[in-house]
Amino acid sequence: MGQTDSDDLVGLLEEDEEHAAIPDTLPLLPVRDVVVFTHMILPLFVGRDKSVRAVDAATAKDRYLFLATQMDPNIENPEPDNIYKVGCVARILRVLKLPDGKVKILVQGLEKGRILSYVKKKSLYRVKIERLPEEAAPEITLEVEALMRNVREVCEKILSMRGEMSSDVVTILDGIEHPGRLADLVASNLSLKVEEAQELFEIIGPVERLARVNELLSREAELSTVQAKIQSSVRDEISKSQRDYFLREQMRAINRELGEPDERIAEIKEYQKKIKRAKMPKEAEEEAGKQLRRLEQMHPDAAEVPVIRTYLDWLVEMPWKKASKDSIDIHKAKEILDQDHYGLEKVKDRILEFLSVHKLNPKMKGPILCFLGPPGVGKTSLGKSIARAMGRKFHRMSLGGIHDEAEIRGHRRTYIGSMPGRIIQGVKQCGTNNPVFMMDEIDKLGADFRGDPSSALLEALDPEQNFAFSDHYLNIPFDLSPVMFIMTANITDTIPSALLDRMEILQLPGYTEQEKLEIAKSYLVPRQIKENGLKPKQIEISDQAILKIATEHTSESGLRNLERELGTLCRKVSRKIAEGEKGPFPITQKNLVKYLGIPKFLPEMDQDASQVGLATGLAWTQAGGEALYIEATLMRGKGELVITGQLGEVMQESARAAVTLARNRMDQLGLSEDFFEGQDIHIHVPAGAIPKDGPSAGVAMAAALISVLTKQPIRNDVAMTGEITIRGRVLPIGGLREKAVGALRAGIRTVVIPEKNKADLTEIPATVRKKLKFVLVSRVEEALDAVFVSPPGKKENQGTGTDAEQRRPAAKVRRNRAGRGRRRFTVAARR
């Protein structure tokens, strides 16, 4: 036997003698977050009172401790149920008492053991154990040898990826021939969870334990591979960033040597020049300088650099002091307005008044104009004409459907992709601080959880506040007082009162047929001929054809559908020319049906003859005025009133008032007192799918009802409008101009209106007044005399269509109009 074999034998004998001296009862030291394997040497910090007393008891006797892991490491004083049964018998090699009362010990694991019972629990844990000695080394078969070799190789691979590989480690791994010890050595150095380590520790068989270690090693190898890839990519990225940084520094050094300017320094100097040229206010210039200094100190690849650069670009490109020079010539402005728009005399006069005052006082705080009217009457084009007349830039902003306050005030720079609001964007696009800024469809603003845009507009549209408009993105006051704001809207009902109070309303009513004819001849037809590639000689559209298109193929207050129909004519002619046909192509009233088909609207009256219980009323809609037919009939019943036609509450009240009015005049109408007891009254207003409301249908409802009660027919060429009371008075209404135009479009020739609306006749175009006869009434009886088919020889109460008889002082007109704002009879537009 050699010397080495003798030394191993001596070591085994000494170890057996040492293990034989281990007593059956030992102090227990619960440990946290670690499982102590046999032959493992490690330091432990002991601070709990019971644990310190257990160490003292062990050092006072034979230095043996039983180390067991507690299941929950967060428990400060674990009970026996919270401590694993299988642990390790250890020997204390060294003890160091610390000043704070804690103890640091160095222990070595000797042998496994199992707790049988707790002998002592109060001052310290003392347990009775059952020793679990390691099995003798099994025969090293090919399978065991392959398993041990695989464990060694995987260990070396993991250590190599971690950069911890050394020759000493290889020597230690190759020197262990016992599979159990190899498993314990590897397991003690793996980053295992406490549950996994304890499960592995409790496996008694060395080969089974080594096989389990091999599985855990395989998983650790995969994790180490992925970790190495991540670290490699991070190192590559860092290396690339460092490489780019060094290259940039070298380029700067080379540029300095060549005398060429540095790009970063050149950018800073360029911003400094732009800031000076922008002529910013003091507050804006200080903020720009502050942001420029931040940009200069930052690394070029910093994430905030693009944000600061974009902000500086906005500051230097804003027209702080740059303004268009107004060249206001009132005569030229009038010519421009007349060239671009036909009619609209009152609106043009107000615009010229505004321009005149602005010419005499350029620093005035002008009003905010709001063009109010149905679609297609030229509201937006009026704004363009104003800008052209003043020599200013024009910007249009559509407000329809906007729900977010940030669209007006902008987003704060803390958000990714933040931008200024659309007002600041529009001013920047114009390049001047005094453009004509049109906000379209202000009556269609929305509001939701993101804010109320109409409230944000209050500051921008108030001349007393907008000199310091604050945008969230710029965060610097910007002067909007030089900007001329113009709004457009179809109705005022949906505009908040606070916003409406800041605007001056200019009504743009609908066009008459004659006005449409003149506009079509002067503007629409030439434009469609040019857009469709035609020459004026190739197509001839007669006046009668244009009038027929306006009355029978369209039904609107504006001109959009009329222009579409004219465009259809031009396209069909263009096709004929493209196919080789030769012109010119005259379009008359007779051959119009070949191009546009049958008429879509019939302007003549729906009733061929005067009928009982059928009255013609007049309604105001967003698209202008139109005729509204009201039907009444009697049927057997219990004296009830039936109202149909999707009528609103106000209109239903007008029907009830008409019934009350009729019942109060039963003697005058020749009806018996019990007439209504066996009769139901049904009032219907077609079309049933369109909501309707308003008080001005009262006269028409009363006429239809009294007609069916007295069996007197109502004239089919008479329309009526007016609010009634239960005492028979006829009250004034609004929207008379639109209603008159609608009556003429429907083929009506006589219109019954309240006497108090006489002053409003001056607002009706002269061409309409000449074709209509207006009957002024103050009582329902007067209206009935005008609308019923009169007996022979009876003279009707006729109004006049002359301007001299319809004049009234202007102050009184304004007062009546203000009082009638709520009496408008509205229905949804019928196309």
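Which residues does E565 touch, not counting residues up to four places away in sequence? Let's start there. This is a predicted model, by the way. The answer is I549, H553, T554, L596 and K600. As for where E565 sits, you'll find this residue in helix α20, which covers residues 560–578. And is E565 buried or exposed? Its relative accessible area is 13%, and buried means under 20%, so E565 counts as buried.

Okay, on to how far we can trust the picture. The mean pLDDT of the protein is 80, and 88% of its residues reach 70 or more. At the start of the chain, though, residues 1–14 have pLDDT below 50, and beyond near neighbours in sequence that stretch has one contact in the model. There's another such stretch at residues 791–831, where pLDDT stays under 50. For that one, the model has 94 contacts beyond four places in sequence. Just keep in mind that where pLDDT is low, the predicted coordinates shouldn't be read in detail.

Now let's look at a sheet. Five strands make up an open sheet, and if you walk across it the order is β8-β9-β12-β7-β13, with parallel pairing. At the edges you have β8, residues 394–398, and β13, residues 503–507, each pairing on one side only. On average, neighbouring strands here are turned by 25° against each other, ignoring direction.

Let's zoom in on one pair from that sheet. Strand β9, residues 436–440, pairs with strand β12, residues 484–489, in the parallel sense over four bridges. If you want a spot to find on screen, look for M438, which stands opposite I486 in β12. Then there's a helix packing on the sheet: α16, residues 453–461. Helix α16 touches β7, β9 and β12, and its direction makes about 145° with that of β12.

Last stop, a pair of helices. Two packed helices are described by the angle between their axes and the distance between the axes. So what do we get for helix α24, residues 698–710, and helix α27, residues 780–787? Their axes come within 10 Å and cross at roughly 65°. The crossing of α24 past α27 is right-handed. On the α24 side, the residues involved are V699, A702, A703 and I706, and they meet V780, A783, L784 and V787 in α27. What kinds of residues make up that contact? Eight are nonpolar, with no polar and no charged ones.

That's my tour, thanks!

Note on methods. Residues numbered from 1 in each chain as written. Predicted model: local features only at pLDDT ≥ 70, side-chain atom pairs only at ≥ 80, totals over all residues. Heavy atoms only, no water. Helix = DSSP H or I, 4+ residues; strand = E, 2+ residues; numbered from the N terminus. Buried < 20%, exposed > 50% of the residue type's maximum accessible area, 1.4 Å probe, protein only. Contact = heavy atoms within 4.5 Å. pLDDT = per-residue confidence, 0-100. Axes fitted to C-alpha atoms, helices over the stretch in contact; angles between N-to-C directions. Left-handed = near helix turned anticlockwise from the far one by under 90°. Nonpolar A, V, L, I, M, F, W, Y, C, P; charged D, E, K, R; others polar. Pairing = 2+ DSSP bridges.
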